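Biologist: Could you walk me through the contacts and empty spaces here, and tell me what rule sits behind each label?

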Amino acid sequence: MNRYDVLVLGGGLAGAMAARAAAAAGADVAVVSKLHPLRSHTVAAAGGINAALAEGDSWEGHAFDTIKGSDYLADQDSVEIVCREAAAAVVEMDHLGTPFSRDETGKLFNRPFGGHGLPRAYFAGDRTGLSLMQTAWEQLVKKDITVYNEWAGTSIIVEEGRFAGIIAYNVADGTLDEFQAKALVICTGPGGQMYGKTTNAVTCTGDGLAMALRAGCALKDMEFVQFHPTSLHGPNILITEAARGEGGIMKNAKGERFMERYSPKMLDMAPRDIVSRAIQTEANEGRAYPEGYVDLDLTHLGAAKIKERLPEVHEFAVNFAGVDPAEKPIPIEPAQHYIMGGIATDNAGATAVPGIYAAGECACVSLHGANRLGGNALLECIVFGRLAGTAAADFAQKHAQVAGGAASLAADDRKIDGLMASEGKEGTERIRQELKKVMWEKVGIYRNEPDMALAVGAVNDLERRYANVRVGAKNKRFNYALLEALELKNLLDLAEVIAKGALIRRESRGAHARTDFPKRDDANWLTHSLAWQRGSRIEITYEPVRITNWEPKERTY
Ligand SMILES: Cc1cc2nc3c(=O)[nH]c(=O)nc-3n(C[C@H](O)[C@H](O)[C@H](O)COP(=O)(O)OP(=O)(O)OC[C@H]3O[C@@H](n4cnc5c(N)ncnc54)[C@H](O)[C@@H]3O)c2cc1C
């Protein structure tokens with residue numbers, strides 16, 4: 001057993017920033033991470049991080065664009081915090097060593113991103129996430145913060161209504177151990193692997209969200225799932241929005257610049273929900289290529305600019321589609337990309353369970369509401385990672401360690417023994433693939449009542465079948481088959497929350513687009529959903545959206 005003041009679960013950008021802040025506040029901190037921090041999904045982030053740093057820009061302008069982009073579901077006080085802090089956050093990362101791209105005078109370059117009134121995405125080529133993550137990792141090393149690499153959290157221990165510790169699985173040797181601490185910051189990142197088409201890596205299985213749900217935290221606004229318009233047709237590798245920010249243009253199979261129909265003002269730079277629906281509509285109405293993709297044309301940018309500003313896009317297109325983007329358009333299609341919802345937190349990252357905090361993509365402080373604007377997620381990790389780490393350290397200073405954990409350790413031990421001993425007929429991969437298919441087809445870009453009701457039933461059915469799952473590999477060391485079985489349970493639990501929340505919300509708002517309720521309905525649905533685990537049931541309650549300065553208006557672009 002290990003004991004700390006503060007534990008950070010997940011070593012991505014949010015986790016590293018939370019750990020750094022907790023250590024700076026005087027806490028004894030450790031990070032427990034399923035992957036080495038430099039393999040966290042943050043390294044896939046490409047296009048940029050937002051801040052109102054340019055002349056003529058203001059944090060209020062950034063806040064307004066974010067709130068409008070969110071279809072007025074974001075909590076406006078949370079948006080204000082992040083937009084006010086953005087400039088300092090980007091400058092700090094620059095000073096810590098992030099190699100941001102600059103012009104010949106040394107000033108940071110910026111580029112336009114979808115839904116923003118002004119260019120305010122700062123970038124390091126199209127490897128912004130990798131560069132930020134390397135900087136954050138250096139800080140962990142510099143501050144001598146202990147990192148348990150390849151340890152996957154399996155349960156959060158709650159005793160007497162308070163956080164007491166976590167149970168984690170050591171992938172290297174197959175053992176389980178208890179970690180005690182006074183406070184926890186959950187920073188486990190995305191969970192998009194329940195969708196058939198996704199830009200998220202196979203490791204993005206929403207573990208922290210599912211663990212938090214089981215521990216008594218609420219999951220907020222989970223029905224709002226972002227579909228990114230431009231993933232590479234086939235492998236669904238992200239083609240960053242920066243490609244359009246640098247001047248790329250989408251065309252359908254007839255060569256029409258179809259965004260003129262859907263967003264006459266912002267065209268290709270409209271928010272992602274609008275652009276994804278536009279592509280899907282083109283496909284549904286027979287104007288995409290028969291395989292369902294449309295073209296992203298960068299040829300007019302020229303080889304030099306593409307290689308300088310978009311080196312990854314160039315590499316991905318050449319290596320995975322056999323297309324040189326300087327010569328031919330890139331075939332693109334929408335794919336799941338981000339979950340706007342997450343573990344419900346206040347503006348300090350605190351959840352419903354005392355001692356448990358969350359930050360980054362797995363959290364929902366409600367910055368993104370019903371639709372996230374590109375460039376705001378990396379910013380959220382830095383600003384709210386720091387705030388949550390500081391608050392967790394403060395909590396740890398004021399509270400004693402809660403005893404307990406042996407029962408949770410024994411329960412997880414039994415769960416793993418059960419999976420390893422199972423002679424059941426179900427394979428994890430088959431269930432995972434069926435889950436991905438049903439979520440993509442029935443709870444995807446366009447939604448309706450019969451489809452979503454079917455999805456809820458199908459997910460419940462898969463959950464029943466999971467009881468019969470068998471782990472093929474029986475080795476103790478590096479048993480990824482076992483890890484995948486544990487991850488699958490998390491995906492199933494979260495899929496149920498998403499499908500149920502989407503079925504109940506009878507309106508269209510941001511990324512939640514219902515063909516049977518096509519209009520936004522502020523009178524009934526200007527509310528956040530909160531999903532709670534009650535025994536084996538999911539209960540959904542609602543709470544009002546916090547509005548400060550920006551009254552909801554019709555959203556046109
Ligand atoms: C392809 C792509 C491009 C993107 N581009 C941009 C962009 O240009 N700008 C922008 O603002 N946003 C972008 N985003 C979104 C943004 O990158 C993410 O929201 C953000 O990086 C998430 O950071 P995080 O720290 O929350 O999660 P992650 O970086 O995913 O880190 C999560 C950590 O938790 C660990 N973990 C997971 N489960 C467990 C467990 N059970 N136990 C222990 N540890 C666990 C993981 O190993 C990892 O270390 C992009 C996203 C994608 C997918």
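Modeller: Sure, starting with the ligand: one of its nitrogen atoms has a backbone N or O atom of lysine 34 at 2.9 Å. Keep in mind that this is a predicted model, where local features need pLDDT of at least 70, side-chain atom pairs count only at pLDDT 80 or more, and totals for chains, interfaces and linings use all residues. Residues are numbered from 1 along each chain as its sequence is written, and side-chain values use heavy atoms, with hydrogens and water left out.

Biologist: What makes the approach of lysine 34 to the ligand a polar contact?

Modeller: The label asks for a pair of N or O atoms within 3.5 Å; within protein, one must also be able to donate a hydrogen and the other to accept it, and residues adjacent in sequence count only if both atoms are side-chain atoms. At 2.9 Å, lysine 34 qualifies. Threonine 42 does too, with a polar side-chain atom 2.5 Å from a ligand oxygen, and so does aspartate 207, whose side chain puts an N or O atom 2.8 Å from a ligand nitrogen. Alone, the ligand exposes 1000 Å², and the protein buries 97% of that (Shrake-Rupley areas with a 1.4 Å probe; for residues, only the protein chains shown count as cover).

Biologist: Which residues surround the ligand most closely, and what makes a residue count as near?

Modeller: A heavy atom within 4 Å does it. The shell has 39 residues, the closest being Ser40, Thr42, Gly47, Gly153 and Glu361. Helix α11 gives the most, 4 residues (helices are DSSP runs of H or I, at least four residues, and strands runs of E, at least two, numbered from the N terminus).

Biologist: How do you know that arginine 546 and aspartate 77 form a salt bridge?

Modeller: The rule wants a side-chain nitrogen of Lys or Arg within 4 Å of a carboxyl oxygen of Asp or Glu. Here the closest N and O atoms are 2.8 Å apart, so the pair passes. Arginine 546 sits in the segment after β25 (537-544) and aspartate 77 in helix α3 (residues 76-96), so the bridge ties together parts 469 residues apart in sequence. The whole structure has 55 salt bridges.

Biologist: Why is one space called a cavity and another a pocket?

Modeller: On a 1 Å grid over the protein atoms alone, a cavity is a set of points where a 1.4 Å probe fits but cannot get out, whereas a pocket is an open set with protein on both sides within 12 Å along at least five of seven lines; lining residues have an atom within 4 Å of a point. Points join across faces, edges and corners, and volume is the space filled by probe spheres set on them. There are 3 cavities of 30 Å³ or more, and the largest holds about 140 Å³. Its lining has 14 residues, with Gly153, Thr154, Leu486, Glu487 and Asn490 closest to the centre. Helix α15 (480-504) supplies the largest share of that lining, 5 residues.

Biologist: What is the volume of the second largest pocket, and which residues are closest to its centre?

Modeller: The volume is about 530 Å³, and of 21 lining residues the closest to the centre are Asp71, Ile274, Arg277, Pro518 and Arg555. Helix α8 gives the most to this lining, 4 residues.
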